[in-house]
Amino acid sequence: MKQRTIRKNIELVGIGLHKGVSVKMVLEPLSENSGIVFYRSDLGVSIELCPENVIDTTLATVLGKDNAKVSTIEHLLSAIHAYGIDNIRIVLDNEEVPIMDGSAIGYCMLLDEAGILEQNADKKAIAIKKTIEINDGEKFVRVEPSNKTIFDFTINFDHQSIKEQHYNFIYSLQAYKDEIARARTFGFLQEVNYLRSIGLAKGGNLSNCIVLDESGILNKDGLRYKEEFVRHKILDAIGDMSILGMPLIGTYVSFAGSHKLNHFLTKKILAESEAYEVVTLESQAKEEQLEYATQM
Ligand SMILES: [Zn+2]
């Protein structure tokens, strides 16, 4: 299996979720072994995607370097990762990735329009060799060895429209588009009001967020999937785990995980050399390779 980039530049203008300002985003092809790189065109600063550049995970995953930052990157990264793209430059003229409809489907449509280009270099992946876990009270995120890529998530909210939800997602691009990509971000009205009072969530509205009050869901068209909330948590986790810099071969399991716990998990995996092995997909046992390849 070979590395991938996109075939041509593709451009989009939208608004950021938190600051609510207009931002132009251009996705550009990059050469082999370049990785995923953000570029703030207004500041002339490049920020490589890696755990060391993560500077905040409170409300969204934020990368920063040299006084420049890029925020709310996880939904875009989730789609880029699902498409198996290894090398791409994301040019932004402001600090937030456009929020689109709060899910990843808009980015999938952009990538479909740009087209996928197979490159010459072999594709590498991180195969998990040992279980690694991060705990925070009863919340946890964990990776376990497996020859597939699986995301298994459970949430439990004391709210009648959510309650306990569980979803097990076996990765393939088609399954991602069908089961995960359309799941939107969500927030509680009280929380949204508080965030607005401190100058955040300014771009958030019912067209890019599921909003809940005490009695139910405010969006008049309701949900897109029965377990849309937990599916969105998987969408986020796929984006956050892509900060490892390579596709993950293993099973990710979480109860009530967050951007913060995902970030700690990526750091802990990379800090333990016996926890993972970087594999060239060509050099893996034929059977496993075939299994992974047919997933893509
Ligand atoms: Zn999200």
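This report walks through the zinc site, the aromatic contacts and two sheets of the structure above.

The model is predicted: local features need pLDDT of at least 70, side-chain atom pairs count only at pLDDT 80 or more, and totals for chains, interfaces and linings use all residues. Residues are numbered from 1 along each chain as its sequence is written, and side-chain values use heavy atoms, with hydrogens and water left out.

**The zinc site**

Let's start with the metal. The zinc ion has His75 (NE2), His232 (NE2), Asp236 (OD) and Asp236 (OD) as its protein donors, at 2.1 to 2.7 Å. Donors here are N, O and S atoms within 2.8 Å of the metal (3.2 Å for Na, K and Ca); water is not among the atoms, so sites may look incomplete. Along the chain, the donors are spaced as H-x156-H-x3-D. The angles among the 4 donor atoms run from 53 to 146°, and the site is irregular. For four donors, tetrahedral would need all angles between 85 and 135 degrees, while square planar would need opposite donors over 155 degrees apart and all others between 65 and 115; six donors count as octahedral by those same square planar limits, and anything else is irregular.

His232 and Asp236 both sit in helix α5 (residues 228–241), and because they are 4 residues apart, about one helical turn separates them. Helices (H or I, at least four residues) and strands (E, at least two) are DSSP runs, numbered from the N terminus. His232 counts as buried because its relative accessibility is 1%, and Asp236 is buried too, at 9% relative accessible area. Buried means under 20% relative accessible area, exposed over 50% and partly exposed in between, with a 1.4 Å probe and protein chains only.

**Aromatic contacts**

Across the whole structure there are 6 aromatic pairs. Rings of Phe, Tyr and Trp (its six-membered ring) pair if their centres lie within 6.5 Å; planes under 30 degrees apart are stacked, over 60 edge-to-face, and the rest tilted. Two of the pairs are set out here, including their geometry.

| Pair | Class | Centre to centre | Angle between planes |
|---|---|---|---|
| Phe169 and Tyr171 | edge-to-face | 6.5 Å | 80° |
| Phe186 and Phe229 | edge-to-face | 4.9 Å | 85° |

The pair of Phe186 and Phe229 links distant parts of the chain, with Phe186 in strand β16 (residues 186–188) and Phe229 in helix α5, 43 residues apart. Phe186 is buried at 17% relative accessible area, and Phe229 is buried at 0%. Ring pairs also join Phe157, Phe186, Phe188 and Phe229 into a cluster. Both Phe169 and Tyr171 are buried as well.

Two arginines lie over tyrosine faces: Arg89 over Tyr39, 4.5 Å from the ring centre, and Arg231 over Tyr225, 4.2 Å from the ring centre. A charge sits over a ring if NZ of Lys or CZ of Arg is within 6 Å of the ring centre and within 35 degrees of the ring normal.

**Two open sheets**

One open sheet has 5 strands in the order β2-β3-β9-β4-β5, with mixed pairing. Its edge strands, β2 (10–15) and β5 (45–48), each pair on one side only. Two strands pair if DSSP finds at least two bridges between them. Strands β4 (residues 36–40) and β9 (residues 88–92) pair in the parallel sense over 5 bridges, and Phe38 stands opposite Ile90 in β9.

Another open sheet holds 3 strands in the order β6-β7-β8, with antiparallel pairing. β6 (54–56) and β8 (68–70) are at the edges with a single partner strand each, so one side of each has no neighbour in the sheet. Strand β7 (residues 62–65) pairs with β8 over 3 bridges, and Leu63 has Val70 as its bridge partner in β8.
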